[in-house]
Amino acid sequence: MKKLLLVSLLWVIGCGPSTEKKNSTAADQLQLFLAGFSSSPPRGRGLADDVLSKESFDQALARTKAQLATLRSIDPKELIDDDLIDWKFA
């Protein structure tokens with residue numbers, strides 16, 4: 001009887017919602033963010049006529065704000081191991 005109860009309990013726990021899918025979604029979002037973040041050229045390296053103008057700084061600020069919004073939209077509670085470390089230092 002105790003074995004049946006234990007097996008039933010383990011089966012019920014195993015049928016619960018999977019956290020692996022949530023983790024992979026957050027991890028996928030983070031990897032996509034990091035790939036886009038590291039491939040973007042730094043300010044001033046784009047066009048030859050890009051100078052230290054107000055427009056250039058405004059564009060860089062807008063780009064940085066968009067990157068921060070994207071990073072903040074990734075739920076760190078769904079990340080584990082290296083992905084969580086990457087999120088903390090991104």
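## Leu-30, a buried residue

Because its relative accessibility is 0%, Leu-30 counts as buried, the cut-off for that label being under 20%. This is a predicted model, and in it Leu-30 is found in helix α2, which covers residues 19-39.

Leaving aside residues up to four places away in sequence, Leu-30 touches Leu-71, Ile-74, Leu-79, Asp-83, Asp-86 and Trp-87. One of these partners, Leu-71, lies 41 residues from Leu-30 in sequence, while the C-alpha atoms of the two are 7.4 Å apart in space.

## Helix α3 and its two faces

Leu-71 is also one of the buried residues of helix α3, together with Ser-56, Ala-60 and Gln-67. Seen down the helix axis, the buried residues of α3 fall within an arc of 40°, and therefore they line one face of the helix. On the face turned away from this buried side, α3 carries the exposed residues Lys-54, Glu-55, Lys-65 and Arg-72.

The length of α3 can be checked as well: with 19 residues (54-72) at 1.5 Å a residue, the helix should span 27 Å, and this agrees with the 27 Å that separates its end C-alpha atoms.

## The chain as a whole

The protein chain contains 4 helices and 0 strands, so that reading along the sequence gives the pattern α-α-α-α. Of its 90 residues, 13% count as buried, and the accessible surface of the chain comes to about 7,600 Å², with 64% of that area belonging to carbon and sulfur atoms.

Among contacts in the chain with a separation of 6 or more, 65% are accounted for by residues 24 or more positions apart.

Note on methods. Residues numbered from 1 in each chain as written. Predicted model: local features only at pLDDT ≥ 70, side-chain atom pairs only at ≥ 80, totals over all residues. Heavy atoms only, no water. Buried < 20%, exposed > 50% of the residue type's maximum accessible area, 1.4 Å probe, protein only. Contact = heavy atoms within 4.5 Å. Areas by Shrake-Rupley, 256 points an atom, 1.4 Å probe, with all protein chains shown as cover. Expected span 1.5 Å × (residues − 1). Arc of directions from axis to C-beta.
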